[in-house]
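Here is a short set of exercises to work through with the structure open beside you. Each task is followed by a solution in steps, so try your own answer before reading on.

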Amino acid sequence: MKRLFLLMGILGMVCFQNATAQNEMTYQLPPQEIIDLVDAPTTPSMSIGPRNNSILLMENPGHPSIADLAQEELRLGGIRFDPRTNGPSRTGHNTGLSLIDIHGGNLREVSGLPVNPRIRSISWSPDGSKIAFTHTADTGIELWVVNVATANASRLTAPVINDVVGNTFNWLSDNQTIVYKAILSDRGAHPSRPRVASGPITQESLGRRAAVRTFQDLISDAYDEAIFDYYTMARLYRTDMQGNSEPISEAAAIWSFNVSPDGRYIRLTTLQKPYSYIVPFSRFAHRIELIDINGNPVRILADIPLLEEMPQGFGATREGPRSITWRNDAPASIYWVEALDGGDPSAEAEYRDQVFYLEAPFTGEPMAGIKTTYRFSGITWARDDMALVNEFWRATRMARMSSFHPTEPARGLILLQERSAEDRYGDPGTLQTRTNEYGRSVLMLDRRGRNAFLIGMGASPEGNRPFVDEYNLNSGATNRLWRSESPWYELPVRIIDPDRPSVITRRESVDEHPNFFVRDLRRNRLTQITHFPEPFPQLRELHKEMIHYERNDGIPLSGELFLPPGYRPGTDDPLPTILWAYPREFLTADGAGQVTGSPYTYTRLGATSIVMLATQGYAVLNNAAFPILGVGDTEPNDTFVEQLVANAQAAIDALVDMGVTDPERVGVSGHSYGAFMTANLLSHSNLFAAGVARSGAYNRTLTPFGFQAEERTYWQAPDIYHTMSPFMHAHNMETPMLLIHGSDDNNSGTFPMQSERYYDALRGHGASVRLVMLPHESHGYRARESVLHMHREWIDWFDTYVKNK
C-alpha cells in the first residue's frame, strides 16, 4: 500500500511538473460529491413589507455560465458595467417572486413577470401596497411594479433605465409615483476610439501630496472620458402606476438622487469635470443641489472639488459638506456633516465633525447642529425632540452613541453608550427601526415612547446567542426579552410588534436547516412561516464542532472543525487536515481572544467553501481564529509573521492532541488576505505540507500607501512591508504552493499581476508551484465552470502533497 501511495504521489507530481510555461486546458470536474454540493438548489431570499403584514420571497438562480461572464464589459471610473444594458455587470439577480402573509399563509406566485426575469433593485412602496423592481432585458433595463393585493406585475417603462452609477429610482410618499433615472433618448451612437492618438497622455503633480491607495478600472484617456460620459448621462423622469412618464431634470451625469420624504423636492448629485485618472468616480468633482419635483432649481448645496489628495489614515475624510441627505422624520429637512479637523485624524481637535441642517424652503442660512468627538458615523432619527448619533474612532476602535435634540443643539449630546468595537461580548446590539408614513426608517419605540429595542448577536465564550432587549432611553437600563437557547441558533430578523412583543426569526440547528418563524415573546410561541427544502442533506453525516484552544501567549482561539462521515477521533488513524483562515487585527488581547460563530448553526456552504473537502477524507478546520494583536505602542503588523505562525502552531497542536490530525499532513488555504496569510505561513514555517492561495497580494511594495489595516506607507515602514511580502522571501519557499486568481480581479490591491509575478519568483527559485488563472473571473469566482475547476485544482494539489504525502 505504501508503494502504491508513493507511485500515486510521483505520478501526481509528474502531472504538475509537466504543466510548465503556459498550458491551455479545458475546464475539469471535481468528484461528484463536490458537483452535487455546488449545484445544490438555492434557498429563496425574503423581504418583509413596511407594514409587517406581507412577505416577499425571491427566487435565486444557480451559478452563471462562463459564457455569461464573457459578455462585453466596460471598466471605467472604478466601476464595471454592461454597455448593452447600461447597467452593472456581474451582479446577482432574482428569477421569481412570491408573496405570503406575515404568518405564512396565502402563498401566491407573482404573475405577469417578464419572460426569463432578471430582477434587481426591489423596493416596497411606503404603505406596502406595491413593490417596484428593475428587470434587465437583453437590450436594457426596465422598471416594473407588483400590486401586492393581486400579486400581479406590470411593466412601467421601456428598457431605458440608467443603472451605471448610483441609484435608479425612488418611491414618492403618495405610493402612486416613482422618480427614475433614464438614459438620454437622443444620445446618438457610441463614441469610437481614434485609430491614431492626437498626443501623449500627461499627469502632473506640482509639490502637493496626493497619496492614494491602488485602484483599478480607472479612466485613462480622453476617449475613456467620452465613453464614461456617454453611459452616465441621464435625465430624471416620474411615472404613475399606468406607465405615464414625464421628464423632470435636464441632462447630466447623474450620480445619485433622493426624493424628500414629502415628495416635493429632490436632492440631486451630478458628476463634474475634470475627471481623474488616478481615483474612481466617487472622488470626482460633483455638485449637490436641490430641485423641486417639477425640476425647477431650488438651491445649490455644495460644489465638491476633485479629491485626489486626502490626509493619511483610516479616520481621514474630505473637507466640506458630506453625507448630505434628508431627515427621515421630517417632511423636507436636509442635513449634512462637515469635518472640524480638516479631515485629518492626526490633527489635534476637541471635535471632529459637526452636523448642519437646512429646512424647506431652503432660503435661509444653515443651522449649526451638534458636534462629535469622534468621526460621525450616522444618525437614527426618532421624533422632533430626539435623535441618536453614532461616532467611531478607528485608531482606538472606540464607538459611542448619544442622544440629542435636533432643533436645540445647545443642549449638546447625552452619552448613552461608549465601548470598544473589538468587544463583541459587550456589544449591546443594534437599535431597531420602523417604517414611517414617508417610507423612511425611524427609531422603533413602544407606545409610551420610553423604550427602544435592541437586537444583538449575543457573542459569548460559548458562541453567538442572539437576543432581543428592551432599552429604556431615560435610564439606559436594558431588559432582556428573549435569548436564543441551545441546541438552536435563532436569529431575530425584525420586530413586528413592539408592544405585544413578537419578532420574525431565522431558526436553525446542526440538524435542521434554516426557516423563518414568528416568535411571540410574551407567550413564547413559535409559528413557522416558511418551509424551505433542505439544501444540503448529503452533509448530515459530517461531524461538526466548535473547538477551543490557546496560543502560546495565552490568547484563546477557536475554529469550526469538520470531520468526514463516520470518522472516530482517537480510534481511527489521524487524518490529513486543511486549515482555512483570514487574519484580523486587534488592539486588545481581550478582543483578539473572543469567540465568533456558533456551534448550533446548520452547515450551509458557499460554492467555493473549503468545507467540501471533508467529503474527500480530510479534516477541515474552518474559520480558524487568526488574530494579529498590537499592544501599547506597537502596531499589529509589527509582529505579523510571528503571530501568524503562532496561530497556526496552536491550531495544529490542538488537532493533534485530539487525535484528529496527522501533523505531517496538514495543508493551509485562504482567499484574498487569507491567501496572503497562506503564502507567509509557507515562507516562514515548516508546519504545512502544501498550500493553496486564492486571489491574494504577495508584494506589498505594489500597494505602497497602505493595505488592509496597515495605515503606514512603505516609506514610513519599509521593513514591515518587506517582511510581510512573501514575494521578498520567494527564495525561502520549500513547500508546494498552488496559486489561483481571477484574470479580471477588480479588488483594490489584488491585481492579477500579484499572482503572476509571485509565480515567476517562486518558479525562478525552483519551488514547486502551479498558477491557475480563471478567465473572466473577478475577485470572487462565480461561473459554474470556474468554481468546479477550482475544486478540482485544490483537491488534486492537496491529494498529491498532503493526503498522499
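**Exercise 1. Which residue shares a side-chain polar contact with aspartate 329, and is aspartate 329 buried or exposed?**

Before starting, keep in mind that this is a predicted model.

Step 1. Begin with the side chain: aspartate 329 and arginine 327 are joined by a polar contact of 2.8 Å.

Step 2. Next, find its place in the chain. Aspartate 329 sits in the loop that links strand 20 (322–326) with strand 21 (333–339).

Step 3. Now compare its accessibility with the cut-off. Buried means under 20% relative accessible area, and aspartate 329, at 14%, therefore counts as buried.

Step 4. Finally, look at the surroundings. Neighbours within four places in sequence aside, aspartate 329 touches Trp381, Ala382, Arg383, Asp384, Asn436 and Val442.

**Exercise 2. In what order do the four strands of the open sheet run, and which strands stand at its edges?**

Step 1. Trace the sheet across: the order is 1-2-6-7, with antiparallel pairing.

Step 2. Strand 1 (45–48) and strand 7 (108–109) each have a single partner strand, so one side of each has no neighbour in the sheet. These two are the edge strands.

Step 3. Zoom in on one pair. Strand 6 (residues 96–101) is held to strand 7 by two antiparallel bridges, and serine 98 has glutamate 109 of strand 7 as its bridge partner.

Step 4. Check the loop between strand 6 and strand 7, where asparagine 106 lies. Asparagine 106 has a positive phi of about 60° although it is not a glycine, and its relative accessibility of 47% makes it partly exposed.

**Exercise 3. At what angle do helix 6 and helix 7 pack, and how many of the twelve residues of helix 7 are buried?**

Step 1. Take the geometry. The axes of helix 6 (residues 640–657) and helix 7 are 10 Å apart, at an angle of about 85°. The two helices are therefore roughly perpendicular to each other.

Step 2. List the contact. Helix 6 contributes Phe640, Val641, Leu644, Val645 and Ala648, while helix 7 contributes Tyr673, Phe676, Met677, Asn680, Leu681 and His684.

Step 3. Count the burial: eleven of the twelve residues of helix 7 are buried, so the rest of the structure largely encloses this helix. Among them are Gly674, Ala675 and Thr678.

Step 4. Test the length of helix 7. Its end C-alpha atoms lie 16 Å apart, which agrees with the 16 Å expected at 1.5 Å a residue.

Step 5. Move on to helix 9 (residues 752–764), whose buried residues include Tyr758, Tyr759 and Leu762. Helix 7, strand 46 (737–742) and strand 47 (769–774) are among the elements that cover the buried residues of helix 9.

**Exercise 4. How many bridges join strand 31 to strand 32, and which glycine is in the turn between strand 32 and strand 33?**

Step 1. Strand 31 (residues 451–456) and strand 32 (residues 467–472) run antiparallel and are joined by six bridges. Phenylalanine 453 has glutamate 470 in strand 32 as its bridge partner.

Step 2. Go on to strand 33 (residues 478–483), which pairs with strand 32 over five antiparallel bridges. Here tyrosine 471 faces threonine 478.

Step 3. Look at the turn: strand 32 and strand 33 make a hairpin with five residues between them, and glycine 476 in that turn has a positive phi of about 80°.

Key. Residues numbered from 1 in each chain as written. Predicted model: local features only at pLDDT ≥ 70, side-chain atom pairs only at ≥ 80, totals over all residues. Heavy atoms only, no water. Pairing = 2+ DSSP bridges. Buried < 20%, exposed > 50% of the residue type's maximum accessible area, 1.4 Å probe, protein only. Polar contact = N/O pair within 3.5 Å; in protein donor to acceptor, adjacent residues only side chain to side chain. Contact = heavy atoms within 4.5 Å. Axes fitted to C-alpha atoms, helices over the stretch in contact; angles between N-to-C directions. Parallel < 35°, antiparallel > 145°, perpendicular 65-115°, else oblique. Expected span 1.5 Å × (residues − 1).
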